[in-house]
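Let's take a walk through this structure together, starting at the ligand and ending at some backbone details. Have the sequence and the 3D view open as you read.

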Amino acid sequence: MAFSVFSYFIIHPQLWNLISNMSLFDSILFSAIHFVDKLGVWHRLPVILGIIYLAIRRHLHQRYNLLHVGGINGLKYDTKQFSYRTADGKCNHPTDDTIGSQGTFFGRNMPPSSSPYGLLDPHPTIVANKLLARKKFIDNGKQFNMIACSWIQFMIHDWIDHMEDTQQVEIRAPNEIANGCPLKSFKFYKTKKVATKSPSLKAGCLNTRTPWWDGSVVYGNNEDGMRRVRTFKDGKLKIAADGLLEHDENGIPISGDVRNCWAGFSLLQALFVKEHNAVCDMLQENYPDFDDEELYRHARLVTSALIAKIHTIDWTVELLKTDTLLAGMRINWYGFLGKKVKDLFGHIGGPLLSGLVGLKRPRDHGVPYSLTEEFSSVYRMHSLLPDTLIIRDINSTSSEFECPPVLEEVPMREMVGKEGEKRLSKIGMEKMLVSMGHQASGAVTLWNYPSWMRNLIAHDINGEDRADLVDMAAMEIYRDREREVARYNEFRRNLLMIPISKWEDLTDDEEVIEALHQVYGNDVEKLDLLVGLHAEKKIKGFAISETAFFIFLLVASRRLEADRFFTTNFNSKTYTQKGLDWLNSTETMKDVIDRHFPEMTKKWMKCSSAFAVWDSEPDHMNHLPLYLRPAP
Ligand code: HEM
C-alpha cells in the first residue's frame with residue numbers, strides 16, 4: 001500500500017508541486033490523508049476516528065482551498081451600531097462593511113481551470129443527451145424526500161446566484177444529435193465577469209444574493225426586497241390568509257426571492273414566514289417595549305439562525321446518513337462536549353469542544369468570506385427533482401403512519417412559476433407538506449436529469465418568465481466551463497484527492513463506462529465536473545459524491561464560523577434571552593412543522609427526520625456516544 005501511494009506521487013507530479021509548497025506539518029497530514037483515502041476506509045472507521053480524520057481534512061482545505069480573489073475594500077464601521085442583520089448583508093465582518101454583501105465576488109476554492117479544452121468540447125448537448133438525460137426516474141430510496149429536495153433549493157436561494165451579462169450566447173446542437181435534443185438551439189445570458197484586483201484571478205463573477213446565512217430567501221437581498229415582504233406592523237412579514245405567500249397583481253409571490261421558484265420552494269418560504277411571525281408574537285409578549293423595527297430585527301436573527309441550525313443538524317445528517325456525520329454536524333453546532341454542557345456553561349472551549357456557534361470571534365482563515373464558484377458547481381443537483389409531484393389524500397381514514405392514498409400526479413412543469421403558485425393554493429399547505437413528505441426525491445446520478453428541465457421556461461430576477469426556453473442539462477455543463485471551474489480530475493487534485501486514471505476508477509457500471517468512452521474517449525482529464533460528481537461511486541449513506549462532500553466540509557463550517565452573528569454576537573444581548581431559548585428548544589424541521597401543524601407529524605410521520613420519506617422506519621443511533629445523540 002505504501003508503495004502504491006508512493007508510485008501515485010510519481011505518476012502525478014502536480015502533487016509533488018503541491019506538497020513542496022506545504023509546511024512539513026501539512027505535508028505529513030496530507031500524506032496521511034492520502035494514505036487513508038487510498039485505503040478507502042475513512043467512512044468505515046468508528047465515529048471518533050472519522051471525526052478526527054474530517055477535522056484534519058478540514059484544516060487542510062481551510063489552508064489550501066481558500067483563495068483570496070480581492071475586490072473588497074469596504075469601510076471600517078462601528079459593529080455596535082449594527083447588532084442586527086442588514087437588508088443587503090453589509091456590516092457583518094468586524095472590520096470591513098462590504099464583505100458578504102449583495103453584489104460581491106464569488107470566491108474560489110482553487111485556481112480557475114487550466115484545462116486546454118474549449119467551451120464546446122465535448123459539445124454540451126452531447127454530454128446532456130448521452131450522460132445526463134433521464135431514461136427512467138431513479139429515486140433515492142427512503143433517505144431523502146421532496147421537502148429535503150425543496151430545502152436545498154431554499155438554501156441555494158439564500159446564498160448564491162450569478163449576475164448575468166446583457167450579452168446572450170446561443171448553443172446549437174450538432175446535426176448528428178439535433179433530432180434527439182428537446183431544443184435544437186437555445187439562447188441564454190452570459191455570466192457577467194468583472195476585473196478583480198487579485199493576482200490570482202483576473203476576472204470574477206458577482207453574487208446577486210447575500211452569501212451570509214441570513215435568511216435572505218425570506219427577507220430579500222436589499223432594502224427594496226426587505227420593504228416588499230414586511231408589513232411594518234409588530235415586526236411581521238406578509239402572509240396570505242391560507243398560510244401561503246401573498247402575490248402581487250402579476251401573480252408573483254411576495255417573498256425574499258422569486259427566481260425559478262416552484263410550489264415546494266414557495267411552501268418553505270411561507271412556512272418560515274409563519275415561523276418569523278410566531279417569533280415576533282413571542283418577543284412582543286416578553287418584551288412589550290419593542291417597536292416594529294426591534295421586533296423585526298430580532299425575529300430575523302432568530303429565524304435565520306434556526307434555518308442554519310436545521311440545515312446543520314437535521315438536513316445535512318439526512319443527506320450524509322452516517323454516524324460520523326451525525327456526530328460531526330452536531331459537533332459543528334454544539335461542540336464535542338455536547339448540547340447539555342453548552343446549555344449549562346456556554347461556549348467554554350474551542351471550535352471542537354464547544355462548536356463553531358458562539359466562538360468569541362469570527363474566523364475567516366485570512367480570506368474574506370464569500371461563497372465560491374466550486375460550491376455553486378457541486379450544488380448542481382437538479383436530478384433530485386422528479387417528473388411528477390404525487391398529491392396525497394390527507395382526509396382519508398388511513399391508520400397511523402400509513403402512506404395516504406394518491407389523489408393525483410401533477411407534472412412538475414405545472415408546479416413551476418405562476419402556474420405552480422395557483423396549483424399550490426388549490427392544494428393547500430397541509431396537503432402539500434404531507435405529500436412532499438411521502439415522496440422520495442431523485443438520486444444524484446447519471447441518466448436522471450429531469451427531461452422537463454431540458455425545455456424549461458426560466459425566470460428572471462423579478463420572477464417573470466424568460467422569452468427563450470433553455471436546455472438546463474446542457475446549460476449547466478456550459479456554465480461550469482464558462483466560469484472556469486476545474487474539470488473533475490483537476491478539481492480532485494486541487495482538493496487533495498486522488499484523481500482517476502481510468503473510467504473504472506469512477507464507476508463499476510459497464511454501461512456508464514461505455515457512454516463515457518463515447519463522449520470523452522479515453523481522456524479522463526476531459527471529464528466534466530458535473531458528470532464526474534454524478535457518476536462517482538457513492539459512500540454508503542451519502543446521497544452525494546465524496547468529491548462534492550469535501551467542498552461542503554469546508555464551506556458548511558465557514559458559513560458559521562465567519563459570521564459575526566453566529567460567533568461574537570451569538571448572545572442574549574443581540575438575540576434576546578427568549579430568542580436564544582426559542583432557538584435552543586427547536587432542533588429540527590419536525591419541530592417547526594409541529595409548531596404550525598400540531599397534528600400533522602403525529603398522524604403521518606413514522607421516521608425520525610422530516611427530511612426522510614415519512615413512512616420509513618425511525619433511526620436508531622446506537623453507535624453514537626449518548627451525549628452526542630439528538631433528544632428522542
Ligand atoms: C423546480 C425547481 C427548480 C428550477 C425551476 C430551477 C431552475 C434553475 C435555473 C433556471 C437556474 C439558472 C441556470 C443558469 O442560468 O445558469 C438554476 C440554477 C441553479 N440551481 Fe436550480 N432549479 C430548481 C431546483 C433546484 C434544486 C432542487 C437545486 C438543488 C441543489 C438547484 C440548484 C441550483 C444551482 C446550484 C444553480 C446555480 C446557481 C448559480 O448559477 O449561481 N436548483 N436553477
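In this predicted model, helix H6 (146-159) and helix H18 (472-482) each give at least two residues to the shell around the ligand. H6 makes the largest contribution to that shell, with four residues. The ligand has 21 residues around it, and those that come nearest are Gln153, Asn260, Trp262, Tyr379 and Ala458. By residue type, the shell consists of 13 nonpolar, five polar and three charged residues.

Next, have a look at a pair of strands. Strand S7 (residues 456-459) runs antiparallel to strand S8 (residues 465-470), and three bridges join them. One residue to pick out in your viewer is Ile457, whose bridge partner in S8 is Leu469. S7 and S8 make up a hairpin with five residues between them, and in its turn Gly463 has a positive phi of about 85°.

Now for the interior. Which residues have the most contacts inside the largest nonpolar core? They are Leu132, Ile147, Trp151, Leu267, Val302, Ala473 and Phe611, in a core of 155 residues. Helix H11 (residues 292-319) supplies the largest share of this core, 14 residues. Leaving aside residues up to four places away in sequence, Val302 touches Val279, Tyr575, Gly579, Trp582 and Leu583.

Helix H25 (residues 589-596) is also worth a look. Its buried residues include Met589, Lys590, Val592 and Ile593. Viewed down the axis of H25, the buried residues fall within an arc of 160°, so they line one face of the helix. What do they pack against? The partners of the buried residues of H25 are H6, helix H10 (263-286), H11, helix H17 (429-438) and helix H26 (600-604).

For a contact between parts far apart in sequence, turn to Leu554, which lies in helix H22 (residues 546-561). Is Leu554 buried or exposed? It has 23 C-beta neighbours inside 10 Å, and 20 or more are needed, so Leu554 counts as buried. Its C-alpha atom is separated by 9.4 Å from that of Leu60, although the two residues are 494 apart along the chain. Not counting residues up to four places away in sequence, Leu554 touches Arg58, His61, Gln62, Asn65 and Asn109.

Finally, some backbone details. The peptide bond leading from Asp121 to Pro122 is cis, with omega near -15°. Pro122 sits in the loop between helix H4 (47-64) and helix H5 (124-132). Positive phi values also occur at Asp234, which is not a glycine, and at Thr576, also a residue other than glycine. The table sets these two side by side.

| Residue | Phi | Loop | C-beta atoms within 10 Å |
|---|---|---|---|
| Asp234 | near 55° | between helix H9 (223-229) and H10 | 16 other C-beta atoms |
| Thr576 | about 75° | between helix H23 (572-575) and helix H24 (577-584) | 22 other C-beta atoms |

Why does Asp234 count as partly exposed? There are 16 other C-beta atoms within 10 Å of its own, and a residue counts as buried at 20 or more and as exposed at 12 or fewer, so one in between is partly exposed. Thr576, with 22 other C-beta atoms within 10 Å, is buried.

Notes:
Residues numbered from 1 in each chain as written. Predicted model: local features only at pLDDT ≥ 70, side-chain atom pairs only at ≥ 80, totals over all residues. Near = placed C-beta within 6 Å. Nonpolar A, V, L, I, M, F, W, Y, C, P; charged D, E, K, R; others polar. Pairing = 2+ DSSP bridges. Core = buried A, V, L, I, M, F, W, Y, C linked by C-beta atoms within 7 Å. Contact = placed C-beta atoms within 7 Å. Arc of directions from axis to C-beta.
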